[in-house]
2 protein chains.
Amino acid sequence: MTRARNFSAGPAALPLSALEKARDELLDFHGSGMSVMEQSHRGAVYEHVHEEATALVRELLAVPDDYAILFLQGGASQQFAQVPMNLLGPGKRGDYVINGVWGEKALAEATASAKVLGGEVREVASTRDGKTYRRVPRQDEIASTAGAAYVHFTSNETIHGVQFAAEPGGVYPDFGDTPVVCDMSSDFMWRPIDVSRFDLVYAGAQKNLGPSGVVLVLVKKSLMDRMRPDLPAIFRYKTHADAASLYNTPPSFGVYLVRNVLLWIKEQGGLAAIEQTNREKAQRLYATIDAHPELYTCPVEHGSRSRMNVVFTLPDEAMEKRLLARAKEARIIGLAGHRSVGGLRASLYNAVSLEWVDALTSLLEDFARAG
Amino acid sequence: MTRARNFSAGPAALPLSALEKARDELLDFHGSGMSVMEQSHRGAVYEHVHEEATALVRELLAVPDDYAILFLQGGASQQFAQVPMNLLGPGKRGDYVINGVWGEKALAEATASAKVLGGEVREVASTRDGKTYRRVPRQDEIASTAGAAYVHFTSNETIHGVQFAAEPGGVYPDFGDTPVVCDMSSDFMWRPIDVSRFDLVYAGAQKNLGPSGVVLVLVKKSLMDRMRPDLPAIFRYKTHADAASLYNTPPSFGVYLVRNVLLWIKEQGGLAAIEQTNREKAQRLYATIDAHPELYTCPVEHGSRSRMNVVFTLPDEAMEKRLLARAKEARIIGLAGHRSVGGLRASLYNAVSLEWVDALTSLLEDFARAG
């Protein structure tokens, strides 16, 4: 097998060792004579996997003890609705910082939730620029969130390649005392973060963590205490926190794969080591793009350029198609931009190797030279 | 590897061929150089798998064209809330038939949903008997559901081993013109059903269909037209029906495994053939239990005895523990009853072979003879 060089935005490439482990024990997990996906979620075998995955998240991200770590279902898209359902209600307000389409979607779901369950939502910043987004807002462009039940932002907009705190040492906005909710789906587990800056973080697994079908949520217990208690139990974060994500049957094979991926991250030296490689990957790709301004254009402003999703365009669609065809020949796949914006996009998640990035930059150099 | 004889209630045993296929192509799906779980859900490779899974459900169950087939997340537990969210509202009523704990849970979630979103819920039948359930209700025990927005029932109660239409040729209750919603989680895809008798059916995959993390929903389009349009998009069935379950990232590896399992069912000769084997399995096990009334007791009334989950007790807990230990030596696992009721339970889903059932009945015979 020649492994494809997969730059997809998610579901995305996974570390080969995590997949090989899954393959090798798919029919017989630790001598049980059963697959891990055939194990009862109330049995010791699966519970050990589940606890190991949770403990690895806590260790790798240094998650403080007063945060619950939850493995839920429905992806970030369900979190768009679940967050306001838990935090809004009559007299409560949710503030939204918008720097891309996923933030827009989160706001739309919060608007619907507020209409049927009470409360209001407000856009406190937007960097929309015509039909797209090219940067994150500056601190002075964000209206005060004082009095809000929470403020929500998207730390990396996968479609536009726009990222907060993208530069080394970069900082997230300061929201004062307002509880901070962050969609980190494509920005999660590729570098250390200071979890204590956030009150609730969620991330779909299918970027840096594992397969689709699992969403990881970190939630501060003090925020949980302020959530509405009258929702159906399945939608309350507290339900899942009290049951260690075993209130109902978890997506057990997905959690198992997340655990395999986290073990791999740990073997690589943890998030500080992974961050170095990830920054090197992005640096090489952006340098190649910038070296050929007549051909390649990154529409994102420098300070906001995502280290996870590198978007760029060519002078016309026909050239983009030619490049995609050339890429395919070199077994480089997943480069087409999101259908809503077009162009090209290379996602550089943890499992994308430096070698793959070098193959991509070589292709871009060749294409610039010879077409 | 000696494969365990797995009688778990779910996650449960899966057909070996479905797992072997998953193992063999885990790292390289159809020459793509990638796992199926690394494929973009918007790409042709995954879309083909997704469409194949949907088409197999339609074919095997003969699902009429005016029903959408949805692959969603959150399990049956989320459906407990999602159904009333979509179907209730001010002035609308949901009626519940209760013949076990899962029905109780569905009613509790509907009650919470009605409180925050409007509407009311009503219990129209209950066969609760002390702390347990021993049968389904008779038609004449179910109050009229006239005027209800829907009636909900649980066709097989996994914990109590109580099943509707359990006997060959058995029929479901007649609810007149009231739209019928049915939780079929542990009752799905082991025999043919007349889908047109239902307006919405849901089933967690981790019984007869695949791994946990996928829930299958069949929903009649005329019912969808009557659902409230103002919910967050992620919770509306219509959102998912309009997008063929690709509104947001699906649990793609789970859907792929469901497809593998459905292919296996088709290879076995489809649901009519599978039903014969399943009935034979249940017949042999119940016959063994009934042959030793001094030792084994099935608490369920004859006409309601589940063909999927066979529950029975021994005279005391110490004997049950001794039997469980003996079973483990014979690599027979998953026999402990649900923690809420104790006793023993053998789940006889599709992937449980006749050979496994014979091993279990031999064990029960030996234990009755020699202790």
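User: Hi! Before we talk symmetry, how are the copies superposed here?

Analyst: Hello! Copies are superposed by least squares on the C-alpha atoms of residues with pLDDT of at least 70 in both. Keep in mind that this is a predicted model.

User: Good. What does it take to lay chain A on chain B?

Analyst: A turn of 180° with a shift of 0.0 Å along the axis does it, and the RMSD is 0.0 Å. The two copies are thus related as by a two-fold rotation axis.

User: Nice. In chain A, which C-alpha is nearest the axis?

Analyst: That would be the C-alpha of A:Arg23, 2.6 Å from the axis.

User: And how many of the contact residues of chain A recur in chain B?

Analyst: 98% of them recur, and the same surface serves both copies.

User: Okay, on to the contact itself. How many residues does each chain put in?

Analyst: Chain A gives 60 residues and chain B gives 60 residues.

User: Which elements of chain A give two or more residues to that side?

Analyst: Four helices of chain A do: H1 (16–24), H3 (75–87), H4 (101–117) and H7 (252–267). The largest share on the side of chain A that touches chain B comes from H4(A), with 6 residues.

User: What is the make-up of that side by class?

Analyst: On the side of chain A that touches chain B there are 26 nonpolar, 24 polar and 10 charged residues.

User: Let's switch to the sheet. What is the strand order in chain A?

Analyst: The order is S2-S12-S11-S10-S7-S3-S4, an open sheet of 7 strands with mixed pairing. At the edges stand S2 (67–72) and S4 (120–126) of chain A, each with a single partner strand, so one side of each has no neighbour in the sheet. From one strand to the next, the twist averages 15°.

User: How do S3 and S7 of chain A run, parallel or antiparallel?

Analyst: Strand S3 (residues 93–98) and strand S7 (residues 150–154) of chain A run parallel, joined by 3 bridges. Within this pair, A:Gly94 stands opposite A:Tyr150 in S7(A).

User: Now the core. Which residues touch the most other members?

Analyst: The largest nonpolar core has 234 residues, and those touching the most other members are A:Leu200, A:Leu216, A:Val217, B:Leu200, B:Leu216 and B:Val217.

User: Take A:Leu200, then. What does it touch, leaving out residues up to four places away in sequence?

Analyst: With those left out, A:Leu200 touches A:Val83, A:Val181, A:Val217, A:Leu218, A:Val219, A:Lys220 and A:Leu223.

User: Time for backbone oddities. Is the peptide bond from A:Gly10 to A:Pro11 cis or trans?

Analyst: That bond is cis, with omega near -5°. A:Pro11 lies in the loop between strand S1 (5–6) and H1 of chain A. In chain B, a cis peptide bond joins B:Gly10 and B:Pro11, with omega about -5°.

User: What about A:Ser245, what is its phi near?

Analyst: Phi of A:Ser245 is near 60°, a positive value in a residue other than glycine. A:Ser245 is in the loop between helix H6 (237–242) and H7 of chain A.

User: Is A:Ser245 buried or exposed?

Analyst: A:Ser245 counts as buried, because it has 23 C-beta neighbours inside 10 Å and the cut-off for buried is 20 or more.

User: And where is B:Met189?

Analyst: B:Met189 is in the loop between strand S10 (180–183) and strand S11 (200–204) of chain B. Phi of B:Met189 is near 65°, again positive in a residue other than glycine. With 25 C-beta neighbours inside 10 Å, B:Met189 counts as buried.

Notes. Residues are numbered from 1 along each chain as its sequence is written. Chains are lettered from A and ligands numbered from 1 in the order in which they are written. This is a predicted model: local features need pLDDT of at least 70, side-chain atom pairs count only at pLDDT 80 or more; totals for chains, interfaces and linings use all residues. Two strands pair if DSSP finds at least two bridges between them. Axes are lines fitted to C-alpha atoms, for helices over the stretch in contact, and angles run from 0 to 180 degrees between N-to-C directions. Two residues are in contact if their C-beta atoms, placed from the backbone, lie within 7 Å. A nonpolar core is a set of buried Ala, Val, Leu, Ile, Met, Phe, Trp, Tyr and Cys residues joined through C-beta atoms within 7 Å. A residue is buried if 20 or more other C-beta atoms lie within 10 Å of its own, exposed if 12 or fewer, and partly exposed in between; C-beta atoms are placed from the backbone. Ala, Val, Leu, Ile, Met, Phe, Trp, Tyr, Cys and Pro count as nonpolar, Asp, Glu, Lys and Arg as charged, and the others, Gly among them, as polar.
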